[in-house]
Amino acid sequence: MPELIVILVIVIILFGHRTIPKLIQSLKDVFSKKGRNKTAKSDGSKKDDSERI
């Protein structure tokens, strides 16, 4: 636990307290786009299978 606090303090010093929410939002966007791409690929494969039959 103390290690996490030290890491948090270092991140705040490096990036500043105002940019932390922006960084978190950009990370959420990246992970949500990856999730959408996976579902899009699986939906596309289902469509391909139905067209082949």
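The nonpolar patch on the surface is where I would like to begin: M1, L4, I5, I7, V9 and I13 make it up, and together they offer about 660 Å² of accessible area. Please keep in mind throughout that this is a predicted model, so every value I quote is computed from predicted coordinates.

Let me take one member of that patch, I7, which sits in helix α1, the stretch covering residues 2-15. Is I7 buried, exposed or something in between? Its relative accessible area is 48%, and because exposed requires over 50% and buried under 20%, I7 is classed as partly exposed.

As for the helix itself, α1 has 14 residues, which at 1.5 Å a residue should span 20 Å, and since its end C-alpha atoms are indeed 20 Å apart, the expectation and the model agree. In general, an α-helix has 3.6 residues a turn, so residues three or four places apart point the same way.

Moving along, F15 also belongs to helix α1, and with a relative accessibility of 45% it counts as partly exposed. If we set aside residues up to four places away in sequence, F15 touches I20 and L23. Just after α1 comes G16, which takes a positive phi of about 90 degrees.

Finally, stepping back to the whole protein, the secondary structure consists of two helices and zero strands. Of its 53 residues, 2% count as buried, while the accessible surface comes to about 5,100 Å², with 67% of that belonging to carbon and sulfur atoms.

Key
Residues numbered from 1 in each chain as written. Predicted model: local features only at pLDDT ≥ 70, side-chain atom pairs only at ≥ 80, totals over all residues. Heavy atoms only, no water. Patch = residues over 30% accessible without salt bridge, like charges linked within 9 Å, V, L, I, M, F, W, Y side chains within 5 Å. Areas by Shrake-Rupley, 256 points an atom, 1.4 Å probe, with all protein chains shown as cover. Salt bridge = Lys/Arg side-chain N within 4 Å of Asp/Glu carboxyl O. Helix = DSSP H or I, 4+ residues; strand = E, 2+ residues; numbered from the N terminus. Buried < 20%, exposed > 50% of the residue type's maximum accessible area, 1.4 Å probe, protein only. Expected span 1.5 Å × (residues − 1). Contact = heavy atoms within 4.5 Å.
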